[in-house]
Amino acid sequence: MRKMLCLLGVVGVALGFAAPASAKTCELTITGNDQIQYNKSELVVDSDCDEVKLTLEHVGQMSVDQMGHNVVVTETGDYKAVAQDGMQAGKDQEYVPADDDRVIAHTSLIGGGETTSVRFDTSELEAGGDYTFFCSFPGHYGIMNGKLVVE
Ligand code: CU
């Protein structure tokens, strides 16, 4: 696993050098498991990033219906309401309210063994802002949440 992450890092750096110097994409990675846990309680975005590529890896084995995970980013003041609205939105919407301005970014909902990523523009974020990331699968947000920090 460590080797694989290292390799991803090397590829990321190589792509970074190949891309135009004007746009900087910062890569963040987080995992979710079958115990309703992320491996991180904080994600840090450098304020000089133009874009974030956030990757979620489900390292468990349970199906998306039993133990689905995603990552949704909102302002901290919105997160519980968005989580509850996401539950109402249901499985077809992957538990994310549709066309909702409070949602800054979200990944797809995945099951064990799967990986997904989302790119979003950091113009959506303010340095020093108070952001929370969480899993909107029913019953998960109370445990699976953390702060997204821009510094
Ligand atoms: Cu989850």
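In this predicted model, the count of salt bridges comes to six. One of them joins Arg 119 and Glu 51, whose side chains meet with a separation of 2.8 Å from N to O. The pair links distant parts of the chain, since Arg 119 belongs to strand β6 (residues 115–121) and Glu 51 to strand β3 (residues 51–58), and the two positions are 68 residues apart. Arg 119 is partly exposed, with a relative accessible area of 49%, and Glu 51 also counts as partly exposed, at 24% relative accessibility.

A further salt bridge is formed by Lys 91 with Asp 65, and here the closest N and O atoms are 3.4 Å apart. This pair, too, links distant parts of the chain: Lys 91 sits in the loop between α3 (79–89) and β5 (105–106), whereas Asp 65 is in helix α2 (residues 64–67), with the two positions 26 residues apart in the sense that they are 26 residues apart. Lys 91 has a relative accessibility of 47% and therefore counts as partly exposed.

The salt bridge between Arg 102 and Asp 100 has its closest N and O atoms 2.7 Å apart. Arg 102 is partly exposed, with a relative accessible area of 25%, whereas Asp 100 is buried, with a value of 17%, which lies below the 20% limit used for burial. Salt bridges that share partners extend this arrangement, joining Asp 85, Asp 100 and Arg 102 into one network.

The three salt bridges described above can be set side by side.

| Basic residue | Acidic residue | Closest N to O separation |
|---|---|---|
| Arg 119 | Glu 51 | 2.8 Å |
| Lys 91 | Asp 65 | 3.4 Å |
| Arg 102 | Asp 100 | 2.7 Å |

Turning to the aromatic side chains, the count of aromatic pairs comes to four. One of these is the tilted pair of Tyr 79 and Phe 134, with 5.2 Å from centre to centre and 55° between the planes. Because Tyr 79 lies in helix α3 and Phe 134 in strand β7 (residues 131–134), the pair ties together parts that are 55 residues apart in sequence. Both Tyr 79 and Phe 134 are buried. Another pair, that of Tyr 95 and Phe 137, is edge-to-face, with 5.5 Å from centre to centre and 75° between the planes. Tyr 95 is placed in the loop between α3 and β5 and Phe 137 in the loop between β7 and β8 (145–150), so this contact ties together parts that are 42 residues apart in sequence. Tyr 95 and Phe 137 are likewise buried. Tyr 79 and Phe 134 also belong, with Tyr 141, to one aromatic cluster.

The model also contains a copper ion, whose protein donors are Gly 68 through O, His 69 through ND1, Cys 135 through SG and His 140 through ND1, at 2.1 to 2.8 Å from the ion. The four donor atoms subtend angles of 76 to 129° around the copper ion, and the arrangement is therefore irregular. The lower end of that range explains why the site does not count as tetrahedral, for which all angles would have to lie between 85 and 135 degrees. Along the sequence, the donor residues follow the spacing G-H-x65-C-x4-H. Of these donors, Gly 68 and His 69 are buried.

Nonpolar packing is the next topic. In soluble globular proteins, nonpolar side chains tend to be buried together. The largest nonpolar core here has 27 residues, and those with the most contacts inside it are Tyr 38, Leu 54, Phe 120, Phe 133 and Leu 148. Two or more residues are given to this core by each of the elements β1 (25–32), β2 (42–45), β3, β6, β7 and β8. Another core, of eight residues, lies apart from it and includes Val 72, Val 82, Ala 83 and Val 103.

Two backbone positions remain to be described. Glu 94, a residue other than glycine, has a positive phi, near 55°, and is found in the loop between α3 and β5. At 29% relative accessibility, Glu 94 counts as partly exposed. Asp 99 likewise has a positive phi, near 45°, and its place is in the loop between α3 and β5. Asp 99 is exposed, with a relative accessible area of 83%.

Methods. Residues numbered from 1 in each chain as written. Predicted model: local features only at pLDDT ≥ 70, side-chain atom pairs only at ≥ 80, totals over all residues. Heavy atoms only, no water. Salt bridge = Lys/Arg side-chain N within 4 Å of Asp/Glu carboxyl O. Helix = DSSP H or I, 4+ residues; strand = E, 2+ residues; numbered from the N terminus. Buried < 20%, exposed > 50% of the residue type's maximum accessible area, 1.4 Å probe, protein only. Phe/Tyr/Trp six-rings, centres within 6.5 Å; stacked < 30°, edge-to-face > 60°. Donors = N, O, S within 2.8 Å, 3.2 Å for Na, K, Ca; no water. Tetrahedral: all angles 85-135°; square planar, octahedral: opposite > 155°, others 65-115°. Core = buried A, V, L, I, M, F, W, Y, C linked by side-chain atoms within 4.5 Å.
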